[in-house]
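Hello,

I am passing a structure on to you, with a few notes to help you find your way around. Please have a look at it first and then read on.

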Amino acid sequence: ALYESKKQEGSCHHMVFSDSLQARLQKETRVENGLHQALANNEFELHYQPIVELDTQRIQGVEALIRWRQADGKLLLPGEFIEEVNRVGLIGALGEWVLEAACKQLRVWLDNDVDLNMSINVSPRHLRQAGFDELVIETVKRYQIPEGRLMLELTEEVFVDSGISSLYVLNEIRKVGVRIAIDDFGTGYSSMRYLKSLPIDRIKIDRCFISGGGGVHLSDPMITQAIGFLAEGLDLDLVAEGIETPEQVAALKAQGCQKGQGFLFARPLPNHVLINLLRANH
Ligand code: C2E
Ligand code: MG
Ligand code: MG
Ligand code: MG
């Protein structure tokens, strides 16, 4: 049996499962074939989860989250396919699709006076591929994305084991006004000394410390407070992920955190639903 730990949607612990090798290989082949077709058939879509100012609930930006709309109409979440995409070597192709789709959408919003910032998730493996910086720079130039409108979310591992070259790439990207966020902060292995010298603009506090425990209060107020001090001291923008209750909002605000994201405000939404929500809010 093969063992693997997988992050489950909706929880913060890791689940261990086993599978027969044969079943697993068959599944992988199916997924790989499916992925090639999905890219060719345009079966992926981006949904957008609002990032709000906690004081006013004003939506200041969105995070683009990928979904796979399969031919039978079934919608798959990234937890069900991103690992496979990485494994079969398609993360560059998928990442390029996400970047293109996000910039295209952002251009449409800006042309229609929809005042939003866009964050996209970038796989560490894609970032390390040759030409990633050129790809990003070329795309934002082609869509004439203004400075500060696009942000790339990267998990801590990027900064830990990839060394100088990734830092160079991030610096190049920042020169054209693209911002960088550390996603799921607090779950990886960033050292504080390292954090100080990184080319980053934002820290996103991982959902585990907010709603990971399942209660109405902050799951780990000491950790959120400590991350808040860190962000303030380093002059970084701070966003709390996974806010599900008003109690969590109140506690975060009391700690000085000004931005958040979570099911309490909105789930990831298709563009037309997001636009309706924006209309209703203004
Ligand atoms: P992430 O970047 O940390 O995104 C946040 C995830 O938390 C999303 O799950 C979102 O739906 C979920 N979430 C947001 N608010 C709440 C809440 O209040 N409660 C709970 N329980 N969950 C909440 P999703 O869309 O399933 O994405 C999972 C992960 O997949 C993302 O985590 C990101 O690491 C990855 N991912 C998503 N889209 C892309 C993409 O386009 N490219 C890459 N490389 N990875 C992606
Ligand atoms: Mg993210
Ligand atoms: Mg996150
Ligand atoms: Mg995550």
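Below is what turned up, beginning with a metal site and ending with the cavities. Please keep in mind that this is a predicted model.

The magnesium ion (ligand 3) takes its protein donors from D183, D184 and E241, with E241 giving two OE entries, and these donors lie 2.1 to 2.5 Å from the ion. Along the sequence, the donor residues follow the spacing D-D-x56-E. A second ion belongs to the picture: the magnesium ion (ligand 2) is 3.9 Å from ligand 3, and D183 coordinates both. D183 sits in strand β8 (residues 179-185), whereas E241 is in the loop between β10 (237-240) and α10 (246-254), so the pair ties together parts that are 58 residues apart in sequence. Both residues are buried: D183 has a relative accessible area of 6%, and E241 comes to 10%.

Now to the empty space inside. There are two cavities of 30 Å³ or more. The largest has a volume of about 50 Å³. Helix α3 (91-111), strand β6 (117-121) and helix α5 (132-142) each supply at least two residues of its lining, which includes V98, I120 and L135. That lining is made up of eight nonpolar and three polar residues, with no charged ones.

The second largest cavity has a volume of about 30 Å³. Among its lining residues are I205, T224, L252 and C257. Here the division is four nonpolar, four polar and no charged.

Enjoy exploring it!

Best wishes

Definitions and conventions: Residues are numbered from 1 along each chain as its sequence is written. Chains are lettered from A and ligands numbered from 1 in the order in which they are written. This is a predicted model: local features need pLDDT of at least 70, side-chain atom pairs count only at pLDDT 80 or more; totals for chains, interfaces and linings use all residues. Side-chain values use heavy atoms; hydrogens and water are left out. On a 1 Å grid over the protein atoms alone, a cavity is a set of points where a 1.4 Å probe fits but cannot get out, and a pocket is an open set with protein on both sides within 12 Å along at least five of seven lines; lining residues have an atom within 4 Å of a point. Grid points are joined across faces, edges and corners, and a volume is the space filled by probe spheres set on the points. Helices (H or I, at least four residues) and strands (E, at least two) are DSSP runs, numbered from the N terminus. Ala, Val, Leu, Ile, Met, Phe, Trp, Tyr, Cys and Pro count as nonpolar, Asp, Glu, Lys and Arg as charged, and the others, Gly among them, as polar. Donors are N, O and S atoms within 2.8 Å of the metal (3.2 Å for Na, K and Ca); water is not among the atoms, so sites may look incomplete. Buried means under 20% relative accessible area, exposed over 50%, partly exposed in between (1.4 Å probe, protein chains only).
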